[in-house]
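User: I would like a close look at a single part of this model, namely one sheet and the elements around it. Please treat the strand pairing with care and then place that part in its wider setting.

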Amino acid sequence: MSATKPPTMRRPVPPEMLERGECPFDPPAVLAEKAPVSRLELVNGAHAWVVTGYEQGRAVLADTRFSSDNVRNRSAMDLRPDEVGEARCPVDVPQRDDGRFIFMDPPEHTRLRRLLTGQFTVRRMQLLEERIREISIEHLDAMRAAGNEGDVVPAFALPLPSLVICELLGVDYADRAEFQEHTGIALNLTKSDEERAKASESIYAFMRKLVAHKREHPADDLVSGLIHGDADPALTEQELVDIATVLLGAGHETTANMLALGTFALLEHPDQLALVREDPAVLDNGVDELLRYLSIIHIGPSRVATEDIEVGGVTIPAGDTVLISVPQANRSAEHWPEPERLDLKRPRTPHLAFGHGVHQCLGQQLARSELRVGLAELVARLPEVRLAIPAEEVPLRTDMLVYGVHSLPVAWS
């Protein structure tokens, strides 16, 4: 099963489900008008169910009767208009031979997840945090050296997580420029489908070379650990390459957009920016507030019901697709007082920005470190940082699966 296809980012949801209002940080207004569980007519002619309630979203994500396996259980989101209405039965696949673990169910998911969990050690995360700080300082100092204006997205938000993933996977320094170039194209929807497909194929080929190299030259990195660890049975090349590619996509696109959008949010909330300037430790809990408040996954994650399941008093028929609206669920007034307000001193409480259940984000501690260190260094090293253009002119990524900004021009003293 090849993973060379570019990531699916265009989704057949109604346009109003992605439109932001006057405040670029608030969920689309139409979501607040929906019941906690409601039927949604998709642009491709199919239907799905959208979950906007926090408790209902948690329930879906915790229930393994809702499948993540997009090989056996096809989502309504992936149907072409001419396929809508056809009988959809689970595809009979005796055994998955790929490593795309985020699109698997137990026990196949359990096996790969357990092996990966063993690689996200406290020691490795501590070492990576040191590198996060070094990389942040290097790029922010380069911004200052170039003048007193710059674009946070290409100069800081994109390269930081890319280089951290390089550290995690064990990509050699000499190969990192090639790695970043291919990644930047594959995850950029302003590029053509052909350009992104070619870049994705290049990434896949790059990962094959990386796996082959780590077989012969193991080091203290995640790929080497998976190859030379205690996996029984040993992971195949296909599994290893897929795992590395999934980690790249999951760990780069989301963190890069959180860094940029988080910066935008702080600049538009001067009182919160002042808190970070006065005491960067406010971000220890504050990054979770930013994650809750911004919730950059527009619509999703998605699941397919494997049997009739009741959620919030609504029965989801077997075979139907369920979409979790994380931005709206994370604004639940029943769960947070004044949920529409950004408050970096808000006590940390569970949110759905990293998902929930068996698929909860494996690298969430690493992502928190990148956000905490990256944002603190940006505020400290760009004196009196501010937007260089009016806030309403900042180009938003409303056309993409992962929300954020296309660019964020800033100035500093």
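Which residue in β5 is the bridge partner of Phe-66?

Analyst: In this predicted model, Phe-66 has Ala-305 of β5 as its bridge partner. That bridge belongs to the pairing of β3 with β5, which is antiparallel and comprises two bridges.

The pairing is one part of an open sheet of five strands, ordered β1-β2-β8-β5-β3 and mixed in its pairing. At the edges of this sheet stand β1 (37-41) and β3, each of which pairs on one side only. In general, the strands of a sheet are held in pairs by backbone hydrogen bonds, in either a parallel or an antiparallel arrangement.

Next to β3 in the strand order comes β5, and β5 also pairs with β8, in the antiparallel sense and over three bridges. Two positions show how these strands are matched: Ser-302 has Leu-323 of β8 as its bridge partner, and Arg-303 stands opposite Val-322 in β8.

A helix accompanies this sheet. Helix α2 lies across β1, β2, β3, β5 and β8, and the angle it makes with β8 is about 130 degrees. The buried residues of α2, which spans residues 54-62, are Tyr-54, Gly-57, Val-60 and Leu-61. When α2 is viewed down its axis, these buried residues fall within an arc of 125 degrees, so they line one face of the helix. Their packing partners include strands of the sheet, namely β2 (47-51), β3 (66-67), β5 (302-305) and β8 (321-324). The buried residues of α2 also pack against β6 (309-311) and α13 (326-329).

Beyond α13, the loop between α13 and α14 contains Glu-334. With a relative accessible area of 81%, Glu-334 is exposed. Its C-alpha atom is separated by 29 Å from that of Arg-11, a residue 323 positions away along the chain.

The loop leads to α14, and this helix (residues 364-381) meets helix α12 (residues 283-294): their axes come within 9 Å and cross at roughly 110 degrees. The two helices, α12 and α14, are therefore roughly perpendicular to each other. On the α12 side, the contact is made by Leu-283, Asp-284, Val-287, Asp-288, Leu-290 and Leu-291. On the α14 side, Arg-368, Leu-371, Arg-372, Leu-375 and Ala-376 take part.

A further open sheet offers a setting for comparison. It has three strands in the order β4-β10-β9, with antiparallel pairing. Its edge strands are β4 (149-151) and β9 (386-387), each pairing on one side only. Three bridges join β4 to β10 (residues 409-411), and these two strands run antiparallel. Within β10, Pro-409 stands opposite Asp-151.

The cysteines complete the account. A disulfide is, in general, a covalent bond that links the sulfur atoms of two cysteines. The structure holds zero disulfides. For Cys-166, the closest cysteine sulfur is that of Cys-361, at 18 Å, which is too far for a bond. Cys-166 counts as buried, at 0% relative accessibility, whereas Cys-23 is partly exposed, with a relative accessible area of 23%.

Note on methods:
Residues numbered from 1 in each chain as written. Predicted model: local features only at pLDDT ≥ 70, side-chain atom pairs only at ≥ 80, totals over all residues. Heavy atoms only, no water. Buried < 20%, exposed > 50% of the residue type's maximum accessible area, 1.4 Å probe, protein only. Helix = DSSP H or I, 4+ residues; strand = E, 2+ residues; numbered from the N terminus. Arc of directions from axis to C-beta. Contact = heavy atoms within 4.5 Å. Disulfide = S-S within 2.5 Å. Pairing = 2+ DSSP bridges. Axes fitted to C-alpha atoms, helices over the stretch in contact; angles between N-to-C directions. Parallel < 35°, antiparallel > 145°, perpendicular 65-115°, else oblique.
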